Amino acid sequence: MPELTAVVEPSTVTEGNSVSLACLSGCPTLIVWIRDGQPVTQPGVQVRREDTGWYYCAVKGQEKVRSAPVALNVQYAPSNVRLSVSPSGDVVKGSSVTFSCSSDANPPVSQSGYSLYKEGQFISSRQTHTIAVIQPSHSGRYYCQAWNNISWRGIKLINSVEIILDVQYRPVNMTVLMDPPNAVEGSSVNLTCTSEANPATHSYTWYKRTDSPSSQMLQVGSGQVLSVPSVEASHTGLYLCQARNRLGENNSTEMLLAVKGKENGSQSLQILSGVAGSLFIIFVITLLLFWMKKKIHAEEKAVSDFSLSGKGSSSSTTEDQCNSVYANIHTFPSSPPPAPAAQDFTPPSNRNSHQEHDANTSYGDEVTYSTVTIKPRDPSLQRCMNNSNVSQDSWSTAGETDSNVIYATIAKSS
């Protein structure tokens, strides 16, 4: 019988690569291949993961005569990566949850070759991960990633299919809202109960604390909204709502419903508003009358002062003006002025008469000369002219020639 020898080159190969199987014998013969006790065809040029196993060759028809077995090891990247959650049923808040990763790979993925992610965020790097007390915040999408240093089509990291973790819990975060916040007797009031729950709350029950010594809770309604169309004083008290889903129930904190009487409510407010408005209007009218009275008084006083000042001040003003005209009269010594000076101040029309008068008058008579300064004409000074001892003609004549006029008063000595 020929001696058979099986040869595999290489003995370890990556999936998709080629391998060579040969059966060596002393004489030519027809050879068959057997893998793990089952006849198989000779592996092709590109091996698959299914080609992994122990091979030996034998003479066809004499399969009991065979070569020594040789191993063919086909390696491949992780596939069929899976993530599971335990327990597999509903995940309830407060329970323990374990995540487990698995895959098909050659070589097998090590413990550190697995990674757990939630919503794309890294959680841990091991095949299993346990959360001892699960919370609603742990809800989300999870997936597992496997790696064994063998790539598949250039990809080394293979992800599992995502699973959704839905943490369920009984109603929590319950609140009661009252609309309107202040209840007035006779008005309508709505109490609304809200809660968070998974699954959602399916029933609400309302209770009111009694005034009895035992202070029991009396059921007063059901539904998410407790509506009171017309509140009365008897509705005053503490209320709470109870929410329930299939996992359990929970109570809200108590809310006080205080009913105000009508006299203390909107009617009183309206009365106060009306009184305040009336007082404001009265104040404005009083202020306006006071202002008008003050204005009229000021006008009457101005008219009175003007009348008084017109009488007194006009005469005094005229007198002052007259005095101011004659205040600049200066008396010269009672001696005959020099002839040239007298000639200078004598109008030409009266020069002859003056000379005759001087010839006929003796030096024994006493003559007084004065100088008068005439200010510009002022209608108010006309009265001064009329009342003065100077004649109208002399005033006009003097005013036309010069503002400085010498007036003489002749007094005969006895």
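These legends describe close-up views of a predicted protein model.

**Figure 1. The whole chain holds both helices and strands.** The protein has five helices and 29 strands. Its 414 residues include a buried share of 27%. The exposed surface comes to about 26800 Å². Carbon and sulfur atoms supply 55% of that surface. Now take the contacts with a separation of 6 or more. Of these, 61% join residues that are 24 or more positions apart.

**Figure 2. Q242 sits in strand β23.** This strand covers residues 237–245. Is Q242 buried or exposed? Its relative accessibility is 12%, so Q242 counts as buried; the cut-off for buried is under 20%. The side chain of Q242 makes a polar contact with the side chain of N251, at 3.1 Å. N251 is one of several residues that Q242 touches beyond four places in sequence. The others are M174, S203, Y204, T205, Y207, E249 and N250.

**Figure 3. Y117 and Y143 form a stacked aromatic pair.** The structure holds three aromatic pairs. In this one, the rings lie 5.2 Å apart, centre to centre. The angle between their planes is 10 degrees. Planes under 30 degrees apart count as stacked, so this label applies here. Why does the pair tie together separate parts of the sequence? Y117 lies in strand β11 (residues 114–118) and Y143 lies in strand β14 (residues 140–146), so the linked parts are 26 residues apart in sequence. Both Y117 and Y143 are buried. Ring pairs also bring in F122, giving a cluster of Y117, F122 and Y143.

**Figure 4. R49 lies over the face of Y76.** The distance from R49 to the ring centre of Y76 is 3.8 Å.

**Figure 5. Four strands make an open sheet.** Their order is β9-β17-β19-β22, and the pairing is mixed. Which strands stand at the edges? They are β9 (91–92) and β22 (225–228). Each has a single partner strand, so one side of each is left without a neighbour in the sheet. Strands of a sheet pair through backbone hydrogen bonds, either parallel or antiparallel. Strand β19 (residues 189–198) pairs with β22 in the antiparallel sense, over four bridges. Here L191 stands opposite L226 of β22.

**Figure 6. Strand β4 pairs with β6 and with β5.** Strand β4 spans residues 31–35, and strand β6 spans residues 53–59. They pair in the antiparallel sense over five bridges. Strand β5 (residues 38–40) also pairs with β4 in the antiparallel sense, over three bridges. Look for R35. It stands opposite Y55 in β6. In β5, the bridge partner of R35 is Q38. Strands β4 and β5 form a hairpin, with two residues between them. In the turn, D36 has a positive phi of about 50 degrees.

**Figure 7. G261 is found in a loop between a strand and a helix.** The loop runs between β26 (259–260) and α1 (266–326). Is G261 buried or exposed? G261 is buried, with a relative accessible area of 14%. What does G261 touch beyond four places in sequence? The residues are V184 and E185. G261 and V184 are 77 residues apart along the chain, yet their C-alpha atoms are separated by 6.1 Å.

Definitions and conventions. Residues numbered from 1 in each chain as written. Predicted model: local features only at pLDDT ≥ 70, side-chain atom pairs only at ≥ 80, totals over all residues. Heavy atoms only, no water. Buried < 20%, exposed > 50% of the residue type's maximum accessible area, 1.4 Å probe, protein only. Contact = heavy atoms within 4.5 Å. Areas by Shrake-Rupley, 256 points an atom, 1.4 Å probe, with all protein chains shown as cover. Polar contact = N/O pair within 3.5 Å; in protein donor to acceptor, adjacent residues only side chain to side chain. Phe/Tyr/Trp six-rings, centres within 6.5 Å; stacked < 30°, edge-to-face > 60°. Lys NZ or Arg CZ within 6 Å of the ring centre and 35° of its normal. Pairing = 2+ DSSP bridges.
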